[in-house]
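User: Please take a close look at one helix-helix packing in this model and then place that contact in the setting of the rest of the chain. I would like the geometry, the residues involved and their classes, set out as one connected account.

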Amino acid sequence: IQRAAQKSCSNVFSMFEQSQIQEFKEAFGCIDQDRDGVIKKQDLKETYAQLGKLNVKDEELEEMLNEGKGPINFTVFLSLFGEKLNGTDPEDTILSAFKLFDPNATGFVNKDEFRRLLMNQADRFTAEEADQAFALAPIDPMGNIDYKSLCYTITHGDEKEES
């Protein structure tokens, strides 16, 4: 049984392109708050707190951790995403990523808060890179990004449909 588990883990890297693996590694680094190579309950709690969600129940966190059926190191993290993403289209994948930053499911993320996260977490965007990231983004007068429209633009292109 142990050998089968090892084999399935090593195959997980072939499910993704190198650039995707790098992105997952950055995401893993953001969640692994204490940088010990394993995501634990406290890491999840602190990640949610940074996103403004302070009242996450222990049961919810334990449920997430139990999906890994053991310690969640990077390989397990990748395989969990592999299972979840298998068969999903890129738009759904991008939407799911944005939903992490929208705990109240409004369909919007605040541009300034999101910019701060981009510049201070994992890959650390420069101010110029952050500006480029927002160039296509539909931003309302309140400074909120309509990420559903943005995801559509990312996956389908910028051309306006003629009716």
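Analyst:

**The packing of H7 against H8**

In this predicted model, helix H7, which spans residues 111-120, packs with helix H8, residues 127-134, at an angle of about 135°, and the axes of H7 and H8 are 10 Å apart. Because an angle that is neither under 35 degrees, nor over 145, nor from 65 to 115 counts as oblique, H7 is oblique to H8. The crossing that H7 and H8 form is right-handed. On the H7 side the contact is made by Lys 111, Phe 114, Arg 115, Leu 118 and Met 119, while H8 contributes Ala 127, Ala 130, Asp 131, Ala 133 and Phe 134. Sorted by class, the residues in the contact of H7 with H8 are seven nonpolar and three charged, with no polar residue among them.

One of the H8 residues in this contact, Ala 130, can be followed in further detail. Ala 130 lies in helix H8 and has a relative accessible area of 0%, so it is buried. Leaving aside residues up to four places away in sequence, Ala 130 touches Arg 115, Met 119 and Phe 125. Of these partners, Arg 115 and Met 119 are also listed on the H7 side of the contact between the two helices. Ala 130 and Arg 115 are 15 residues apart along the chain, and their C-alpha atoms are separated by 6.2 Å.

Two other helix pairs can be set beside this one. Helix H3, residues 41-50, packs with H4 at an angle of about 120°, with the axes of H3 and H4 10 Å apart, and H3 and H4 are therefore oblique to each other. H3 passes H4 in a crossing that is right-handed. The residues that make the contact are Lys 41, Leu 44, Lys 45 and Tyr 48 from H3, together with Asp 58, Leu 61, Glu 62, Met 64 and Leu 65 from H4. In the contact of H3 with H4 the classes come to five nonpolar and four charged residues, again without a polar one.

The other pair is H6 with helix H9, the latter formed by residues 147-156, and these pack at an angle of about 145° with their axes 9 Å apart. Here, too, the crossing is right-handed. H6 supplies Pro 90, Glu 91, Ile 94, Leu 95, Phe 98 and Lys 99, which meet Tyr 147, Lys 148, Leu 150, Cys 151, Tyr 152, Ile 154, Thr 155 and His 156 in H9. The contact of H6 with H9 divides into nine nonpolar, two polar and three charged residues.

These pairs belong to a protein chain whose secondary structure comes to nine helices and two strands, arranged along the sequence in the pattern α-α-α-α-α-α-β-α-α-β-α. Of the 163 residues of the chain, 28% count as buried, and Ala 130 is buried as well. Among contacts between residues at least 6 apart in sequence, 53% join residues at least 24 apart. A pair that is remote in sequence is Gln 22 and Asp 123, which are 101 residues apart along the chain and 9.8 Å apart in space, C-alpha to C-alpha. Gln 22 has its place in helix H2, residues 18-31, and, with a relative accessibility of 41%, counts as partly exposed.

As for annotation, an unreviewed UniProt entry lists residues 19-54 and 89-124 under "domain: EF-hand". In the model, the end C-alpha atoms of residues 19-54 lie 32 Å apart, and this span is 64% helix and 0% strand.

Two loop residues may deserve attention for their backbone angles. Lys 69, in the loop between helix H4 (58-66) and helix H5 (74-85), has a phi near 50°, a positive value in a residue other than glycine, and at 74% relative accessibility Lys 69 counts as exposed. Ala 105, placed in the loop between helix H6 (90-99) and strand S1 (108-110), likewise has a positive phi, near 55°, although it is a residue other than glycine. With 63% relative accessibility, Ala 105 also counts as exposed.

Notes. Residues numbered from 1 in each chain as written. Predicted model: local features only at pLDDT ≥ 70, side-chain atom pairs only at ≥ 80, totals over all residues. Heavy atoms only, no water. Axes fitted to C-alpha atoms, helices over the stretch in contact; angles between N-to-C directions. Helix = DSSP H or I, 4+ residues; strand = E, 2+ residues; numbered from the N terminus. Left-handed = near helix turned anticlockwise from the far one by under 90°. Contact = heavy atoms within 4.5 Å. Nonpolar A, V, L, I, M, F, W, Y, C, P; charged D, E, K, R; others polar. UniProt positions renumbered as here; feature names shortened; annotations may be inferred. Buried < 20%, exposed > 50% of the residue type's maximum accessible area, 1.4 Å probe, protein only.
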